[in-house]
Each structure stands twice: as C-alpha cells, then as structure tokens.
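Please look at the predicted model shown below, with attention to the protein chains and the nucleic acid beside them.

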2 protein chains.
Amino acid sequence: MSDVELTLRRFNRSFTQRIGVLDSSFLGSGRPLGEARLLFEIGAAERVTTLELRHRLGLDSGYLSRLLRALESDELVVVAPDPDDGRRRVVDLTAAGRQAWDELDARSDELATALVSPLTERQRAELDRALETARRLLEAATVRFDVVDPESTDAVTAMSTYFAELDERFTGGFDPGDTLTADAESMRAPHGRFVVARADATVVACGGIVRIDDDTAEIKRMWVAEGWRGLGLGGRMLADLEHRIEAMGAARIVLDTNAVLTEAITMYERHGYRPTDRYNDNPYAQRWFTKPCRS
Amino acid sequence: MSDVELTLRRFNRSFTQRIGVLDSSFLGSGRPLGEARLLFEIGAAERVTTLELRHRLGLDSGYLSRLLRALESDELVVVAPDPDDGRRRVVDLTAAGRQAWDELDARSDELATALVSPLTERQRAELDRALETARRLLEAATVRFDVVDPESTDAVTAMSTYFAELDERFTGGFDPGDTLTADAESMRAPHGRFVVARADATVVACGGIVRIDDDTAEIKRMWVAEGWRGLGLGGRMLADLEHRIEAMGAARIVLDTNAVLTEAITMYERHGYRPTDRYNDNPYAQRWFTKPCRS
DNA sequence: GTGATCATCTGACTAAAGTCAGAGAAATGT
DNA sequence: ACATTTCTCTGACTTTAGTCAGATGATCAC
C-alpha cells in the first residue's frame, strides 16, 4: 500500500510553509487578511450572495456582515438585496474595488512568478503537470453527492448538458422533447431521487432514481462531466444511487442504455449488472441491465 | 510557455480550501492554533532550541516565550538551558506532551485518510507521485544559497558527506587527511568563500571558492546531496559561485575534477568550461577546466 | 578583562479574528 | 392567515495573534 496520507501531510507542511506566502501576500495590501480574502473572493465571481461567501470562506454571519460593512465604507463593494429572495443580499465590486482586486491579483501573481523563477522551463512544466494532477485528484476525492430537486438549476444544467452530449453521440441524434419537465415528478421524493455531485459549486456528475414498482427501481440520467471522467466518479455515483435505492426498500435495480455508450456499459458490467430483457419502450435504448439489491 | 503561475495559484486556492482542514484540525484539540502548531513542531524533532523554533515558525521571540510558558504551565513541555550555549534554551516534550502530540498526529492522520478514502488504490498512488514531484520541485525552487564559515557545522557536515562519497566512487578511494581544517582558511573571506544551499534547515549542496592569484579563482568542493540531484541545483550553485567570483574581481575561473565524476564533467562543459593544462598537483584530479569571467 | 553581540524573557500594548444572543425582515408550509 | 424557518444585521463580548521597548544574563572578539 502506498502511504498517500504521509505524503499528503508532508506536502501540506512543506507547501503551506512556502506558499502560505501567497496568502499573506494579501497582507501588505494595507488591509487585514480577512478583508482582503473576502474582497478577493467577491471579485473572483461576479455577483455573489453573502450566503455563498459565508459558505465558501466558512465565516460567522455576524463577522461577515462586519467585514462587508468595512469594505463598503471603503467604497470597494456594494451590497444590495437579492431580487430573487429579499432575505439574501448580493455583493459586487465597485470600480475602486475592481482596482483593489487587480492589485491583489497582481501581487499574488508576482509572488508565484518569483517562486518558480529558479526552475528551468522543463521543471516548470513538470511542476505544472504534477500540481494539475494533484488538484484534479483532490477535487475528485472531495466531491459531494447531494439529493436536489430535479427542476433545480443544478439538475437542469446537468441534464441539459447530458442531453446535448447524447444528441452528438447517438447515431441519428437525440431529441429530449419535454422529458426534462415530464421526468421531474418521477425523480422527486418519495418515489424517486435526483442526485448531483459537486466540486465546490460546479456540478460534475448527476444521476436519477425512478421507482417502477414495489420491487424495482430504475437508474436514469447517469452522467459525468467531460474533464471529470476517469476519476472514478461514475462508479461512486452508481454506488451512491444504489445505497439510496436500498434505503428506499427496493429489491432490484434496472437500467437501460444505448449501445454506443460503451464506457457506461463496461462500468455497469464491472459493478455487477447483468443483461436482462427489454423492460421498457425507450426508443434510444438497446441494452437493458439488472442487479439485485444486497439486503 | 506553460503557465505554472496560474496552475500554482489555482492549486493553492483549491488546496487550502480542502486541506486547510488539516491545520485547523489542530483546533478541536482545545488548544489555540498557535500553541498546537508549536507543540507539533516541538514533538516532530526531539530536543529543539527555541531559536530553531522561532526560525521555523517565524515567530517573535516575545511571542514564542509566552507560548512556551503556556505549554509549560500545562506541563506539556520542559524548557531547559542549552548546555552548549547558555543563552539558548532547549525544549522537550513531557510524557503528557508526547501524548497530546500523538493525539494531534492521529487526528491529522485521520483527516488525511478520510480525505483520500474515496479514491481508488491506483488514484492514490498517482496522487502520491504527483504530490512528491510537486514538493521536490517547490523545495528545490526555494533553496537558499548562503555564505557560511567553512568550519561551521553545516559546512563540515556537507564536506564530510562529500568526502565519504568520493571515497566510495574513486577507484582506490579518497583520503581527505586534514583537508577539512587545512582548507578552511583558504575558503574564508576575503580570499575565499564557502557557500551552502539549504532547504529549510537541511544542507542540500555546497561549493567553495579559493583565490589562487590576482587573476584566478578556483572552484572546489562542489557537491549536491543525493536525492536532490537532477533538480538543477548543481547549475545554480555553479552560477552562484561564478557571480561571487566576478564580484571578487577575478578574471578567470579554474577547477579540477576526477575522471569518474562524469555528471560533473558534463555539467562544467555545458556551462562553458573548457579543458586546460594541469594547474595543480592534486593527486585525485585527472581533468582541469577553465572559464573566463564575463566582465 | 571588557565592550559588543546574541538570545531570551517580561510588561504593556494593539489589532484582528471570532463568538453569541437576540432583533427584524422576508419567505415557506399548512 | 399564522406559525415556522431562513437570512442578515447589531451590540457586546472573548480570545488569539502579534508588536515593541527594554532588562537580564551568556558568549564572543580582541
């Protein structure tokens, strides 16, 4: 067994000692670290809600409020009520705020440049690859799986991307018609579920459950975002859905798929799914699988 | 050009968000972060001087003193005067301190384990490799080159290791005799210099300069520690020494080497050194090189 | 031996970071 | 329509973190 834990901790020690500088670079901006970090976070996205900021930076609501007021009194940000939900507030940079942000960004970039400057071009490329690999894997490892409403923004985005991809890959294309809204009800609790996997705020995978009868539940709309494949997310999504199906008390799982989706088929087979008879009249399906629940 | 800077910053953001937890894991130990970090640092080595701690953690002496007193009053550490130098003090863990340390360590390990647990064995191995590569490169990038006295601990350690290695590689071995002390004077300012490269506190390379005559300076004792080779440190040490020689006002550089040290020979050639006549009677030398100074 | 230097400690601070308990406004469930 | 929940804000705090100016004692250079 490889001892990643040790490597991870050793890396963490070494890294924070060296690159912690990148953060304290926010110091020297004449602004306390907390404020600077907040400013940076606001400028990274445009139009953030305070709620999002709170989650992303892990701040107490009172504390955040005070920090925002400080930035506001420096005329770096404007805070306005969210038109969609009057309880929330949205934050945005002013022109002066954008300028301050740019300065933070430039300083941070300078430090990063200085840090890697002793390396040769080849070593820099190697470092680039290593960091990218590590980031991808760590982000994949910390992806979170949550049940959401099938008509929520995240769900709709995920399925639309999925459908667009099917349209490209299927010979003869794929026409979703009104499936998006038509399916919604069947994938809502208590009959069904819709699960999205998120890395930070971006949706990187999804999957749905539909109860067919007392015994049987179907898995549908399984998808992993391009650029996030090969990281085992498909398998983890499948396992997550299976757990939920078991918890819902079904005895067996079914699913269908198109013959061109070979990676999917391989994955199902690897996870114990066996071919079964056609159980529906889905015109896009050429393969049908089933698997008993464990319990 | 690869944009490592961007990758580095993106990685930093992503990493600190996820692994920052590893540090704040020190919280939840019922001890403030500063104290916990100090305790951890004390336990990682045995018998540290406060001076070392101050450098490693970058703390103000007054602040450190106070933190130590807090740990002491909790009976986690004992602070005693250093027998070698009465101004300094050495810190060590008590039994209770060791126990507290073990708890911190266990908690940190748990978190690391939980973090990577969703990954497959293969992915974990890949992460391990990527993090190791990144750490090596970042540590190499941040190595510092300093002039030290040729009889200082660091210099002596470096040269002893170097000599031991020569003894192994040279056909017929290498007998340093009293070179260590005999050379010291010639490598001290103003006639000469001795430079060590350090990553954190460990010496990873060294090199010496000896003034031969008004025109000429010799480079000696160039060595890069095993495990730190292939990272361009040799080239950087060479460049560092050359700069110092130029600043000393010499017009040309000479150096000798043994025929078995092929990597060194290749490096000298790559850096513009050309073969020259034997200029000394070093019994271990078979090759002599020279290079003019730029100015 | 003596003056300069070095390392630690103490007292007296300040600023930043973070917590907690409500109050008040908007949305939601039934 | 009314109770409940969800968010944000304010006031009143505490704790950490960090700085600065000496004082004290040990060591070093000459």
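This report describes the protein surface around one DNA strand and then the relation between two protein chains.

In this predicted model, 20 residues lie around DNA strand D, and those that come nearest are A:Thr50, A:Arg66, A:Arg87, A:Arg89 and B:Gly86. By residue class, the surface near DNA strand D divides into 10 charged, 6 polar and 4 nonpolar residues. On the DNA side, 69% of the atoms of strand D within 4 Å of the protein belong to sugar or phosphate, while the rest belong to bases.

Three polar side-chain contacts to DNA strand D are set out here.

| Residue | Partner in DNA strand D | Distance |
|---|---|---|
| A:Ser61 | base nitrogen | 3.4 Å |
| A:Ser65 | sugar or linking oxygen | 3.5 Å |
| B:Tyr63 | sugar or linking oxygen | 3.4 Å |

The elements that give two or more residues to this surface are, in chain A, helix H3 (50–57), helix H4 (61–73) and strand S3 (85–93), and, in chain B, helix H2 (33–44), helix H4 (61–73) and strand S3 (85–93). Helix H4 of chain A provides the largest share of the surface near DNA strand D, with 5 residues.

Turning to the protein chains, chain B is superposed on chain A with an RMSD of 0.5 Å by a rotation of 180 degrees with 0.0 Å of shift along its axis. The two copies are therefore related as by a two-fold rotation axis. Within chain B, the residue closest to the rotation axis is B:Ala130, whose C-alpha lies at 2.3 Å. Because 100% of the interface residues of chain B are also interface residues in chain A, the copies meet through the same surface.

Technical notes. Residues are numbered from 1 along each chain as its sequence is written. Chains are lettered from A and ligands numbered from 1 in the order in which they are written. This is a predicted model: local features need pLDDT of at least 70, side-chain atom pairs count only at pLDDT 80 or more; totals for chains, interfaces and linings use all residues. Side-chain values use heavy atoms; hydrogens and water are left out. A residue is near a molecule or strand if one of its heavy atoms lies within 4 Å of it. A polar contact is a pair of N or O atoms within 3.5 Å; within protein, one must be able to donate a hydrogen and the other to accept it, and residues adjacent in sequence count only if both atoms are side-chain atoms. Helices (H or I, at least four residues) and strands (E, at least two) are DSSP runs, numbered from the N terminus. Ala, Val, Leu, Ile, Met, Phe, Trp, Tyr, Cys and Pro count as nonpolar, Asp, Glu, Lys and Arg as charged, and the others, Gly among them, as polar. Copies are superposed by least squares on the C-alpha atoms of residues with pLDDT of at least 70 in both. Contact means heavy atoms within 4.5 Å.
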